[in-house]
Amino acid sequence: MLFGYFSMISEILKPDTEMVISFSGGKDSSAMLSYLCELYPDIPKHVVWADTGFEHDGLAKWNDEIAKKFNLIIHRVSNPNKDFFLMVRKRKKFPSPSCRQCTSNLKVGPIETWVRQNVKTKNIIMCSGLRAEESVAREKLQPLKLDTQMTNSKRTVHDFLPIHHWTEGQVKDFLKSSGIPLHDCYNYLSRLSCQVCIFNKKRELKAIKANNPEAFEKICELEGEIGFTFKPNGKLTEYIKSKFDNQMGLFD
Ligand code: SF4
């Protein structure tokens, strides 16, 4: 399987191919970045980070430091009209696993806009660190496909998931061997995401309350302000004490 995808990549590589690497500063995108630099040292790379406005403190510097290891720079993008909080205030509701406006408006959209405006080559490969192990939905993703939204008469864009088949253990081992550290948030969370993410399970929300109380409090205050709860089963402070948990799998 692995060799199949990589031989397909070889077929689509052109002399003018450039890679756009979606980067968050988390373990998966860091491992992907290192892996791609190792596999394709000569292909020009654009590392793009979408800042949602609810990122961990110091993440910009953290991301710059990782990119610097590969002699690359981070292109920080954001939605010019809203961040996470403005989006929630405008809609008077939080995004949810089944309505992920945050991902489309604050991450995918800004990255695609940046690519349209800044990457002038005809052949682009958009790389993302999604892994099959993370969810049933992600398991079903094709590791390499033509991006029909981004492709037009001027450019051909493919979407590529270079570490789709990797386990979490492989990711951590690879990072260790590459000398790339894990962000501090991994001391209490399994993923680096927004400081509080709609996909956080109850145990993670409890850990956020203990380790990053300011961020937890921001969500509680916003619940009061808009009259809408972050989780469907009551206010966040009550939810983390309740018997309910988010039954939806990560990214399903
Ligand atoms: S990290 Fe979570 S809350 Fe933030 S944009 Fe992604 S899904 Fe939404």
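This passage describes a predicted model, moving from its domains to a run of parallel strands and helices and then to a residue in helix H10.

The domain assignment divides the chain into domain 1, covering residues 2–170, and domain 2, covering residues 200–239. Their C-alpha centres are separated by 28 Å. Contact between the two involves six residues on the domain 1 side and four on the domain 2 side. On the side of domain 1 that touches domain 2, three of the residues are nonpolar and three are charged, with no polar ones.

Strand E2 offers a convenient place to begin within domain 1. This strand spans residues 45–50, and five of its six residues are buried, so E2 is largely enclosed by the rest of the structure. One of its partners is strand E1 (residues 18–22), which pairs with E2 in the parallel sense through four bridges. Here Ile21 is found opposite Val47 of E2. The connection from E1 to E2 runs through helix H2 (residues 27–39), and the resulting β-α-β crossover is right-handed.

E2 is also joined to strand E3 (residues 74–77), again by four bridges and with the strands running parallel. In this pairing, Trp49 faces Arg76, a residue of E3. Together with helix H3 (residues 59–68), E2 and E3 form a β-α-β unit that is right-handed.

Helix H3 itself deserves a closer look. Its buried residues are Trp62, Asn63, Ile66 and Ala67. Because these residues cover an arc of only 130 degrees around the axis, they lie on the same side of H3. The pattern fits a general feature of helices: an α-helix has 3.6 residues a turn, so residues three or four places apart point the same way. The buried residues of H3 pack against H2, E2 and E3; the packing partners thus include both strands of the E2–H3–E3 unit. Turned away from this buried side is a face of H3 that carries the exposed residues Lys61 and Lys68.

Finally, attention may turn to Thr237, which sits in helix H10 (residues 236–239). Within 10 Å of Thr237 there are 14 other C-beta atoms; a residue counts as buried at 20 or more and as exposed at 12 or fewer, so Thr237 is partly exposed. Thr237 can also be placed relative to Lys209: the two are 28 residues apart in sequence, while their C-alpha atoms are 9.1 Å apart in space.

Key
Residues are numbered from 1 along each chain as its sequence is written. This is a predicted model: local features need pLDDT of at least 70, side-chain atom pairs count only at pLDDT 80 or more; totals for chains, interfaces and linings use all residues. Domain bounds come from an automatic or database domain assignment. Two residues are in contact if their C-beta atoms, placed from the backbone, lie within 7 Å. Ala, Val, Leu, Ile, Met, Phe, Trp, Tyr, Cys and Pro count as nonpolar, Asp, Glu, Lys and Arg as charged, and the others, Gly among them, as polar. Helices (H or I, at least four residues) and strands (E, at least two) are DSSP runs, numbered from the N terminus. Two strands pair if DSSP finds at least two bridges between them. A crossover is right-handed if, with the strands pointing away from the viewer, the path from the first strand over the helix to the second runs clockwise. The arc is that of the directions from the helix axis to the C-beta atoms.
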